[in-house]
Structure formats: C-alpha cells, structure tokens
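Trainee: Could you take a close look with me at one part of this model? I would like to start from a single helix and then see how its surroundings fit together.

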Amino acid sequence: MTTLIVNGQRHDVDVEPDTPLLWVLRDTLGMTGTKYGCGIAQCGACTVHVNGAATRSCSVELADVAGKEITTIEGLAANGVLHKVQQAWLDHDVPQCGYCQSGMIMAVADLLKNKPKPTDADIDAAITNICRCGTFQQVRAAIHAAANA
Amino acid sequence: MNYAPKLDRRSFVIGAAAAGGGLALGLRLPFGPDIVRAADGSPEVNAWVVIRPDDTVVIRIARSEMGQGSLTGLAQLVAEELECDWSKVTTEYPTPGQSLARKRVYGDMSTGGSRGIRTSQQYVREAGAAARTVLIQAAANEWKVPASECSAANSVITHQPSGRKTTYGKVAEAAARLEAPKNVPLKDPKDWKLVGKGVKRLDTADKLTGKQIYGIDIKMPGMLVATIKDSPVRTGKIKSFDAAKVAGMPGVKKVVQVGDSGVAVIADSYWRAHKAIEALPIVWDPGEAGKVSSASIAEFLKGGLGAEQAFVGNRAGDAKAAIAGAARKIEAVYSYPYQNHATMEPMNMTALYTADRCEVWGPTQNAEAALAAVSEESGLPIGKCDVHKFLCGGGFGRRGRVDYVRQAVAIAKEMPGTPIKLIWSREEDMTHDGYHPVTQAKLTAGIDAAGNVVGFHMRISGQSIAASLAPDRLDPDGRDPIVFQGLTPNSPEGNFGYAFPNLLIDHAMRNTHVLAGFWRGVNVNHNAIYTECFIDEVADALGQDKLAFRLKFLKPKHAAVLKAVAERAGWGTPPPQGVARGLAQYMAHGSYCAACAEVSVSPRGELKMHRIVAAIDPGYAVNPAQIERQVAGSFVFGLSALLYGECTVKDGAIEQTNFDTYNSLRIREMPNVEVIVMPSGGFWGGVGEPTVSVAAPAVLNAIYAATGKRLRSVPLMHEGIRTA
Ligand code: FES
Ligand code: FES
C-alpha cells in the first residue's frame with residue numbers, strides 16, 4: 001500500500017511501487033485527464049504538479065511520490081472556478097485536438113507561479129511540451145494573457 | 001461532445017429499431033407515431049437535426065473531429081441555414097451502423113484529404129434548410145396561416161403580419177411529422193451571417209479540465225487492457241513466443257497471438273500489460289524484407305530517376321526535346337524521407353465481442369471502414385457490429401487506417417463478453433505506421449539563349465500510397481494519380497501553377513515493403529519542395545527576382561496568394577539585418593497557398609525562423625479564426641518534418657521508436673505565423689492540410705537566400721542545420 005495525495009484527496013493504492021505515477025493516476029485512480037504521449041519524459045503530455053513543481057508523471061515511480069502532494073489537471077480549477085491558465089485557454093480557443101493540453105496547461109501553470117510575467121524567452125525555456133497539432137502560437141498568446149489576468 | 005460509453009446509443013434507440021422500415025426511406029406520415037427520436041425522446045426534425053423542448057439544437061456530425069475544427073465548421077453550415085440560436089447548438093456523432101441501417105443517410109463518414117467540410121457542405125446545408133422549412137411550416141400550421149407569412153431567426157419563428165412568435169423547441173414535435181421538403185434553395189453566400197465568422201470551437205471546455213474522454217481514456221465495467229507487439233518488419237511473421245514466461249506476472253490475464261505477426265498481452269491495467277509484453281520473449285522471422293535498409297531503398301529509388309518506364313502526370317509540348325535542344329540545362333536531385341504521423345494520442349481501440357455482436361469504441365477517421373473491419377475480423381454480419389467514435393487525439397491521416405481496429409477485435413474475440421482496450425505504446429506507434437512515402441526527384445529545366453525556360457521536366461521516383469493502401473485507386477495501367485497532387489494540368493484538387501510551354505511530370509513507381517500512408521498534406525509535401533525549390537534555383541541561375549520570375553508563369557489564383565504574402569512580408573524591401581526571405585506557393589487539397597519565410601542562419605548552422613507570412617484561398621472560409629489556427633499549426637507540422645522528420649530502415653524495420661529519435665518542433669523554435677485568409681469564392685477548398693505544403697519550401701528557399709547553400713534533402717538535421 002502506498003499513500004498518495006491527489007488534488008487534496010488521500011488514496012491508498014496497491015500496485016507495484018515501480019509503476020509510473022502516470023499509470024497509477026490513469027489506471028488505478030481512474031483519473032484520465034493526465035495523458036500518455038511517450039512514456040520517456042519527452043513530450044510533456046503527462047505533466048502534473050508534485051509538491052507544486054511541474055513533473056512528467058510518466059517518469060516518476062509511485063514509490064518516489066508517496067505522501068507527496070500531487071495536483072492533476074482535474075484539480076487545477078478551484079471551487080469550480082477555472083484557473084487563470086484554463087480561462088486564458090478558453091478565451092483564446094487554444095486547443096485543437098486537445099490531447100497535449102492537460103500537460104501544456106499544467107506546465108504553464110507552474111511557469112506562471114515561478115515567473116508571473118514571463119517573457120517570450122522565459123516561455124521558450126520553460127515550455128518544452130510537444131503539440132503535434134501545432135497550437136504554439138495560441139499557447140504563447142494565452143500565456144501572456146493569463147499572466148496579465 | 002463527450003461520449004462516455006455508458007451513454008452509448010443514447011440517441012437513435014428508436015431510429016435504429018425502425019431501421020429498414022418506412023422511416024429509413026425518409027417517408028413521413030402526417031399523423032403517424034413515426035417520429036424518429038433521440039434517446040431522450042426529442043424529435044429528429046431530420047437525420048441531421050434534433051431539437052429538444054428546451055430549444056437545444058443537436059446537430060449530427062458525420063465526419064471525425066481530430067483537432068482540425070470541422071465539427072464546428074459543419075455545425076456552422078447547418079446552423080446558418082437552420083437559422084437557429086448558435087448558443088444553443090450542441091453536436092453528436094451518429095455511428096456508421098446507424099447510418100448504414102438508414103440507407104447511409106449520413107453519407108461518407110471518412111475524414112481525410114481536408115475534405116470534411118468541402119465534400120459535405122452541400123448536403124449539410126440542405127439539411128439545415130430543410131429543417132428550417134418544416135419548423136416554419138409547423139408553426140404556420142398551428143397558427144393556420146400561410147408559411148410564406150412566417151420567418152425564422154435565432155430559433156424563433158415569427159408570423160410577420162400578426163407578430164406572433166414561437167420557438168423551434170415548441171414546434172419541433174409537429175415539424176418532425178411533416179414530409180421533408182425537396183429542393184429548398186440555399187442562401188447566397190453574401191447573405192451568410194454565421195458562416196464566414198470566426199466563432200469559437202464548440203469542443204473546447206472539456207479539453208481544459210481533463211474531462212474530455214478520448215478513446216485511450218475509456219472505462220467500462222470489467223474492462224481489461226491489452227498491448228501489442230507486431231512484427232518490427234512489416235512483412236515478418238511470428239516464429240515463436242514464450243507465454244509461460246510472463247503468465248505469472250501481476251495482473252496478466254492472457255497472452256494471445258494476433259494474426260500471423262503480432263502478440264498481445266491482456267492484463268488488468270496498461271502498465272502491467274506493458275511490463276509483461278516487454279518481458280515476453282518473441283521471435284519473428286523477418287523474411288526477405290529483413291535485408292532492406294534506407295541505403296538500399298535510396299539506391300532503388302535512384303534507379304527510377306533515369307528509368308525508361310514512368311507514369312505521366314502532366315505533359316505539355318515536348319519537354320525532353322526542348323531540354324535537349326536548349327542552350328543551357330539546369331538540373332537538381334532532391335529527396336524526401338519516410339515520416340511518422342506521430343499523433344499525440346497513440347493508436348487505441350476498445351472492443352467488446354460476443355457471439356452475436358461486436359462493437360468498438362475509439363478514435364477513427366474512417367468510421368465506415370472501421371465498421372467493415374469489425375465485421376470482417378469478428379466474422380459477424382455488419383448489422384451486428386458498430387463503431388463508436390471518440391474525439392481523436394490527432395489524426396493527420398493515420399487513423400484512416402483500421403489496422404489497430406482489427407487487432408482490437410481479434411484480441412477481444414479471445415475473451416468474449418469482456419471489453420478490452422488495446423493501447424499501443426509510443427514505440428509500437430512509431431514503428432508501425434503507414435509512413436509518409438519516400439521519394440526522390442530529378443528536375444531539369446532547359447533554358448534558351450535569351451534566358452527563357454523552354455522545357456521543364458520533373459521525374460519523381462518513389463513510393464505510391466495507393467499501391468500500399470488503396471490499390472482500387474490505381475488506374476488500370478497501375479498509375480497512381482494521387483502521386484501527382486498539385487502537379488496536374490487542371491485538377492480542382494490541385495493543379496500545377498506554372499504554365500511552361502514544354503512540360504513533363506512523370507513518376508517511376510518504386511514500392512518497398514514499408515507501408516506508405518496518407519500523411520497530413522499527403523504527396524504535396526515533397527511535390528511542393530521539388531517544384532518550389534527548383535523554380536527558385538532556376539530563377540537564381542537566370543539572375544531573376546524570385547517573385548517576378550514566378551509571376552511570369554503563374555496562373556491567376558496561384559499568383560494572387562503569392563503576391564499577397566510578398567506584399568505583406570515586404571518583398572522588394574530589404575529584410576532586417578542578417579535575415580533572408582524565401583517564397584513558395586502551391587495548390588493543394590483544393591486551396592491556393594503561399595508563404596514567405598524570414599530566417600537567419602549563423603555561420604555554425606543555427607537556424608532561426610523569425611517570421612512566416614502565409615496565405616490561403618480556400619474559396620469559401622467557413623471559420624476564418626479556425627483557419628488561421630489550422631494554418632499556423634500546419635507550419636508546426638511542416639517545419640517539424642523539415643527539421644527532424646525522418647524514419648530510417650535497418651534490417652527491414654523502422655529505427656526511430658519515440659520522440660527522442662523522432663523529434664517535433666517546440667515552442668521556442670516556432671516562428672510567428674501571420675495568416676492571410678483570402679477566400680475568393682466560387683469553390684470549396686480544404687484547410688487542414690494545404691498549407692503544410694509551403695512551409696518547407698519557403699524556409700528552404702530562405703535558407704538558401706541566407707547562406708547561398710541549396711539543401712535538397714530532408715530533414716535538415718542531417719544537413720548541418722539546427723535551431724538556434
Ligand atoms: S508521456 Fe510523459 S513526457 Fe510524454
Ligand atoms: S492540441 Fe493536438 S497535440 Fe496539441
């Protein structure tokens with residue numbers, strides 16, 4: 001049994017301790033908002049926050065996150081109010097297929113926490129998620145909008 | 001549109017039951033109980049439009065949404081004619097089984113070739129207009145006034161003389177009983193209010209919160225998860241595998257052979273299935289193809305460049321004679337590699353098989369082909385099968401194939417009654433695609449003493465997608481007409497822009513065992529590089545301005561988009577210090593496209609793409625805001641391909657297995673894309689793919705302008721270029 005705290009909720013999970021957090025979230029806890037894209041920390045689709053820091057959940061094992069605070073895309077909005085990144089995404093009609101966007105939004109939320117008014121260079125350095133649909137132009141515009149919200 | 005399986009078949013319950021009866025023929029009985037109803041009881045005004053008592057308008061979308069936005073565009077087209085309240089519009093997918101049971105009332109459900117809107121715009125607009133007509137008629141009947149005295153706007157019907165009003169929700173029930181009108185005239189495009197407006201997508205909200213369910217997210221009671229390894233060499237076969245080695249691993253339920261080349265592990269979770277298949281000893285016989293490599297393929301294609309036999313795609317005058325007699329000859333050889341679609345959501349499909357029914361749930365671009373595959377693979381008649389489409393996490397052509405659908409059914413057949421979700425690992429996805437075809441081209445221009453182009457020959461050598469995937473689309477003599485996308489004399493799909501007096505474009509077909517597939521842009525990606533980079537070379541050799549030279553030969557609509565980007569980019573004015581410009585134009589998927597790229601390249605080969613100005617003339621622009629997004633996105637796709645896109649073959653197998661070896665553009669590399677949407681009217685062109693074509697050649701031409709070096713082979717990471 002490993003204890004996880006996901007979006008403020010405690011879960012005791014009984015799977016192999018080397019299971020990636022991504023698959024614990026998706027398969028064990030049924031929280032499918034966090035996406036599988038590569039499994040090797042390349043694409044960022046699986047990004048969640050672990051103790052407040054953006055983390056590629058495909059590449060951390062369950063044992064590594066025992067007892068830590070995990071926030072997933074499902075837990076980003078507070079009390080039914082969209083996080084400002086989600087709101088900016090809605091206002092700018094950012095997603096195309098949307099599959100990469102959970103991870104993109106989680107990465108951007110982390111960036112804005114550390115750099116409330118990021119420059120384009122800050123964005124370039126921090127956001128390395130892959131989006132095969134190619135939403136980057138809208139992503140950049142929406143990041144600036146969220147920063148100024 | 002968020003289809004959860006438990007809500008499956010919430011609509012059409014009655015429609016499906018009535019299939020084969022009078023309703024399926026579209027007969028409407030004036031007083032009968034024969035209204036086709038959605039599962040919540042709301043009446044179908046017609047097959048495309050359901051109106052609920054609360055005025056919600058449900059528009060049925062037959063094509064697949066994969067991010068390209070045609071779900072929203074198609075709804076706009078219906079709503080435009082329907083005159084309904086756009087804020088009350090929602091959408092849903094009919095299944096191909098339902099369509100089939102109703103004499104294919106939803107028409108072609110496949111979604112590829114940027115055809116989602118352009119090949120269905122006519123009948124979906126007619127459906128909207130027909131629905132509006134019966135809704136008005138129903139109100140008029142109730143008021144006992146002539147329908148001609150009534151009008152509709154924003155879901156409200158008004159009797160003009162009396163000012164009486166009612167809403168669509170109130171008369172939908174009565175409207176559903178009326179006979180479908182015929183030949184309702186459609187609006188003149190100049191009267192459009194909603195079409196042509198950049199309204200927001202209808203399918204955004206759930207994508208921001210994790211609520212959106214993709215196929216890979218499906219949960220069903222009792223569901224198991226499978227993952228698969230198919231032969232690394234496509235034509236290889238299983239020799240042996242040792243199921244006993246993994247049978248005792250946690251969660252493993254069953255190890256099954258799939259066809260003669262694959263093995264799947266069924267477990268209680270993806271990760272456990274994945275771990276088991278990684279541990280499973282499998283031996284394949286690669287067969288003859290095990291000797292094939294990228295080098296052997298390149299050599300094979302090279303032979304086609306000078307081969308006697310070739311299929312002709314475009315011929316005017318006598319290019320070979322003109323070139324032979326020309327004062328000067330310019331010649332260049334280009335090449336383009338295999339590339340993976342790499343949709344963000346890997347292939348997956350959930351299947352449930354029982355002795356008398358088989359259904360699948362998941363992402364597909366071709367629901368009807370998937371249905372046929374389910375029927376074939378399950379051995380059940382098509383009427384006992386169905387396909388439930390989910391939003392695709394990217395498609396790009398990959399999900400038009402049904403290989404993963406077949407596998408899912410084959411696996412589910414091993415455990416009747418248990419729903420099984422097949423998920424491919426990214427590694428499986430990277431190594432089992434239908435790849436962007438590999439080609440080479442030799443281009444020759446003959447120049448006379450006065451500096452005129454007197455002959456132009458493009459010889460393409462390489463793979464045919466039709467031969468790989470759709471032999472029925474080959475001509476009787478074996479020619480693949482799709483090879484010549486954008487190169488034909490006068491196809492509305494994409495004709496060659498340059499009017500050279502002596503022209504020959506031909507194809508020496510060289511197929512390999514590696515499967516080729518329809519990849520966003522299809523054949524225009526390499527065709528546009530060959531055309532537009534070589535034209536640049538010719539202009540250069542003649543010392544002519546790249547814009548003026550092109551405009552001398554270009555047909556009017558091809559010229560118009562090119563002029564638009566040149567003007568916006570400031571062609572003819574000096575670019576910023578250290579920056580160089582490159583141009584490209586191409587016609588693809590029915591639309592005219594052009595781009596001007598501004599790049600700089602450091603002495604160490606560090607490329608910075610500063611700015612792209614892109615133009616598209618799609619005839620009609622249903623949603624300019626979404627078109628801008630598609631165009632910008634198409635540059636990410638096209639430039640990823642240019643910089644990094646290459647799948648190489650070793651011992652018959654694809655070598656790249658994940659994004660670490662098959663890279664994709666990141667935000668820091670993304671140039672700013674300014675999009676000019678310039679619909680000239682009178683035709684319907686596509687949007688999702690066409691501008692991919694101009695991304696690479698515009699940047700290649702700009703790199704040449706910056707460095708004086710012609711790069712003729714993709715990807716640029718092998719040409720000493722990396723991003724700054
Ligand atoms: S799935 Fe974790 S980074 Fe791609
Ligand atoms: S929106 Fe489709 S991959 Fe990013």
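How many of the eight residues of helix α1 (residues 21-28) of chain A are buried?

Mentor: Happy to. First, the ground rules: residues are numbered from 1 along each chain as its sequence is written, and chains are lettered from A and ligands numbered from 1 in the order in which they are written. This is a predicted model, in which local features need pLDDT of at least 70, side-chain atom pairs count only at pLDDT 80 or more, and totals for chains, interfaces and linings use all residues, while side-chain values use heavy atoms, with hydrogens and water left out.

Now your helix. Six of the eight residues of α1(A) are buried, so the helix is mostly covered (buried means under 20% relative accessible area, exposed over 50%, and partly exposed in between, with a 1.4 Å probe and protein chains only). Helices here are DSSP runs of H or I with at least four residues, strands are runs of E with at least two, and both are numbered from the N terminus. The buried set is Leu21(A), Leu22(A), Trp23(A), Val24(A), Leu25(A) and Arg26(A). In chain A they pack against β1 (2-6), β2 (9-13), β3 (47-50) and β5 (69-71), and in chain B against α7 (270-279). Just past the end of α1(A), Gly30(A) takes a positive phi of about 70°.

A little further along, Thr32(A) sits in the loop between α1 and β3 of chain A. Thr32(A) is buried too, at 6% relative accessibility. Setting aside residues up to four places away in sequence, Thr32(A) touches Arg26(A) and Glu74(A), along with Ile213(B), Asp217(B) and Lys219(B); contact means heavy atoms within 4.5 Å. Arg26(A) is one of the buried residues of α1(A). The C-alpha atoms of Thr32(A) and Ile73(A) are separated by 9.4 Å, although their positions lie 41 residues apart along the chain.

Both the helix and the loop lead us to chain B, so to speak, and the interface is worth a look. In total, 53 residues of chain A are in contact with 61 residues of chain B. The area buried between the two chains is about 4600 Å², with carbon and sulfur atoms giving 56% of that area. Buried area is the accessible area (1.4 Å probe) that two parts lose on being put together, summed over both. Four salt bridges are counted between chain A and chain B, a salt bridge being a side-chain nitrogen of Lys or Arg within 4 Å of a carboxyl oxygen of Asp or Glu. Asp18(A) and Lys275(B) meet in a salt bridge, at 2.5 Å from N to O. Lys275(B) falls within the residue range of α7(B), the chain B helix against which α1(A) packs.

The rule also finds 32 residue pairs in polar contact across this interface, both residues at pLDDT 80 or more. A polar contact is a pair of N or O atoms within 3.5 Å; within protein, one must be able to donate a hydrogen and the other to accept it, and residues adjacent in sequence count only if both atoms are side-chain atoms. On the side of chain A that touches chain B, the elements giving two or more residues are α1, α2 (84-91), α3 (101-114), α4 (120-126) and α5 (136-147). Of these, α5(A) gives the most, with five residues. By type, that side of chain A divides into 24 nonpolar, 17 polar and 12 charged residues. Here Ala, Val, Leu, Ile, Met, Phe, Trp, Tyr, Cys and Pro count as nonpolar, Asp, Glu, Lys and Arg as charged, and the others, Gly among them, as polar.

One more stop in chain A is helix α3, where Ala109(A) lies. Ala109(A) is buried, with a relative accessible area of 6%. Beyond its neighbours within four places in sequence, Ala109(A) is in contact with His49(A), Leu76(A), His83(A) and Val85(A). The C-alpha atoms of Ala109(A) and Gly98(A), 11 residues apart along the chain, are separated by 17 Å.

For a comparison in chain B, try helix α5 (residues 168-176), where Tyr168(B), Gly169(B), Val171(B), Ala172(B), Ala175(B) and Ala176(B) are buried. Down the axis of α5(B), these buried residues fall within an arc of 160°, so they line one face of the helix; the arc is that of the directions from the helix axis to the C-beta atoms.
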